[in-house]
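Thanks for coming, everyone; I would like to walk you through one structure this morning, slowly enough that those who have not seen it before can follow along on the screen.

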Amino acid sequence: MPELPEVETVVRTLKTLVLNYRIKDINILYSNIVEGDDELFKETLIGHKIVDIKRRGKFIIFELDNDIAFFSHLRMEGKYFVQDSHEPINKHIHVIFVFDNGLEMRYQDTRKFGRMGIIKHQEDYRDFKGLGVEPFGDDFNPDYCRNYLKNKHKPIKTLLLDQSFIAGIGNIYADEIIFKMGVSPLRNGCDLSDDNIVDLIKYTKETLALAIEAGGSTIRSYTSSLGVTGLFQLSLNVHTKEGEKCPRCNETIKKIFVGQRGTYYCSNCQK
């Protein structure tokens with residue numbers, strides 16, 4: 001599943017390809033992708049330009065020139081292609097945004113889990129979908145984390161995957177952040193020390209920034225499109241490294257399940 005760095009990479013790439021393009025038509029080939037009424041979705045967007053593209057957590061937000069926006073969540077395997085209208089449409093293309101210059105932005109989703117919908121334009125989408133703070137925002141700070149975690153008797157791995165805490169982190173980057181913190185993925189949030197919380201903030205920002213710089217991770221079922229291939233998987237310390245040597249201590253990396261999610265860690269380095 002694409003996480004914050006992959007979604008940010010898609011946003012940045014789409015901004016170079018479709019910004020200020022006017023939507024001439026929308027073809028919805030699989031209606032369950034769109035939340036709400038298909039015709040209302042089309043009527044609201046057709047005839048308007050895409051004036052900005054933003055990210056909130058793992059959501060892509062397309063802002064139009066009529067103070068309306070629409071969101072897109074890629075879920076497991078969603079991806080966008082910008083193609084000429086004469087290029088063939090494969091069977092996994094479910095929504096096509098037709099622009100007035102002959103190009104099309106095509107949404108492909110093999111498993112059909114992705115979702116789109118209309119939302120009101122906002123300055124920062126702070127309250128959008130109940131999402132927590134953005135990792136690079138000023139409100140992601142020790143006071144916020146301390147207050148959020150103080151009564152949380154759940155493993156830190158589970159809490160990092162909770163989008164109401166920090167928006168955008170998924171399984172890959174949670175494992176990497178926790179490894180850099182040097183704590184067990186099973187340690188409860190309420191048991192983190194002040195130093196642990198400082199490390200949580202530091203390594204969350206560091207890990208995600210490095211992943212964005214590398215174009216995200218191309219791993220397992222998720223690959224990007226738009227001519228972008230992520231390379232951060234080459235820098236992973238523990239995720240998917242079961243049976244390999246820990247880069248810090250040479251102990252064998254283990255795989256366990258935390259909240260039904262595969263979790264990779266070093267039991268020697270992470271206590």
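**Two helices and a sheet**

Let me begin with a pair of helices, H3 and H6, which are oblique to each other. Please keep in mind from the outset that what we are looking at is a predicted model. Helix H3 covers residues 142-149 and helix H6 covers residues 194-213, and the two pack at an angle of about 120°, with 10 Å between their axes. Their crossing is right-handed.

Which residues of H3 and H6 meet each other? On the H3 side they are Pro 142, Cys 145, Arg 146 and Leu 149, and on the H6 side they are Asp 194, Ile 197, Leu 200 and Ile 201. Sorted by class, this contact of H3 with H6 has six nonpolar residues and two charged ones, with no polar residue.

Just before H6 in the chain there is a loop that I would like you to find, the one between helix H5 (171-181) and H6, where Cys 190 lies. Cys 190 has a relative accessible area of 21%, and so counts as partly exposed. Apart from its neighbours within four places in sequence, Cys 190 is in contact with Leu 149, Lys 150, Asn 151, Lys 152 and His 153. Leu 149 is also one of the H3 residues that meet H6. By contrast, Val 7 is 183 residues from Cys 190 in sequence, and the two C-alpha atoms are 30 Å apart.

Let us now turn to the sheet. It is an open sheet of four strands, in the order S2-S3-S4-S8, and the pairing is antiparallel. Why do strand S2 (50-56) and strand S8 (115-120) each have a side without a neighbour in the sheet? Both stand at the edges and have a single partner strand each, so one side of each is left free of a neighbour there. From one strand to the next, the twist averages 25°.

Within this sheet, strand S3 (residues 59-64) and strand S4 (residues 68-73) pair in the antiparallel sense over five bridges, and Phe 59 has His 73 in S4 as its bridge partner. Two helices lie across strands of the sheet: helix H1 (residues 4-17) lies across S2 and S3 and runs at about 170° to S2, while helix H2 (residues 38-45) lies across S3, S4 and S8 and runs at about 55° to S8.

I will finish with a few single residues further along the chain. Most residues other than glycine have a negative phi. Thr 240, however, has a positive phi of about 65° although it is not a glycine, and Thr 240 lies in the loop between H6 and strand S9 (254-258). With a relative accessibility of 31%, Thr 240 counts as partly exposed. Gln 260 likewise has a positive phi, near 70°, and sits in the loop between S9 and S10. Is Gln 260 buried or exposed? Its relative accessible area is 78%, so Gln 260 is exposed.

Finally, Arg 261 lies in strand S10 (residues 261-265) and is partly exposed, at 36% relative accessibility. Setting aside its neighbours within four places in sequence, Arg 261 is in contact with Leu 161, Asn 171 and Ile 256. The C-alpha atoms of Arg 261 and Ile 28 are separated by 33 Å, and these residues are 233 apart along the chain.

Notes:
Residues are numbered from 1 along each chain as its sequence is written. This is a predicted model: local features need pLDDT of at least 70, side-chain atom pairs count only at pLDDT 80 or more; totals for chains, interfaces and linings use all residues. Side-chain values use heavy atoms; hydrogens and water are left out. Two strands pair if DSSP finds at least two bridges between them. Axes are lines fitted to C-alpha atoms, for helices over the stretch in contact, and angles run from 0 to 180 degrees between N-to-C directions. Contact means heavy atoms within 4.5 Å. Angles under 35 degrees count as roughly parallel, over 145 as roughly antiparallel, 65 to 115 as roughly perpendicular and the rest as oblique. A crossing is left-handed if the near helix is turned anticlockwise from the far one by less than a right angle, and right-handed if clockwise. Ala, Val, Leu, Ile, Met, Phe, Trp, Tyr, Cys and Pro count as nonpolar, Asp, Glu, Lys and Arg as charged, and the others, Gly among them, as polar. Buried means under 20% relative accessible area, exposed over 50%, partly exposed in between (1.4 Å probe, protein chains only).
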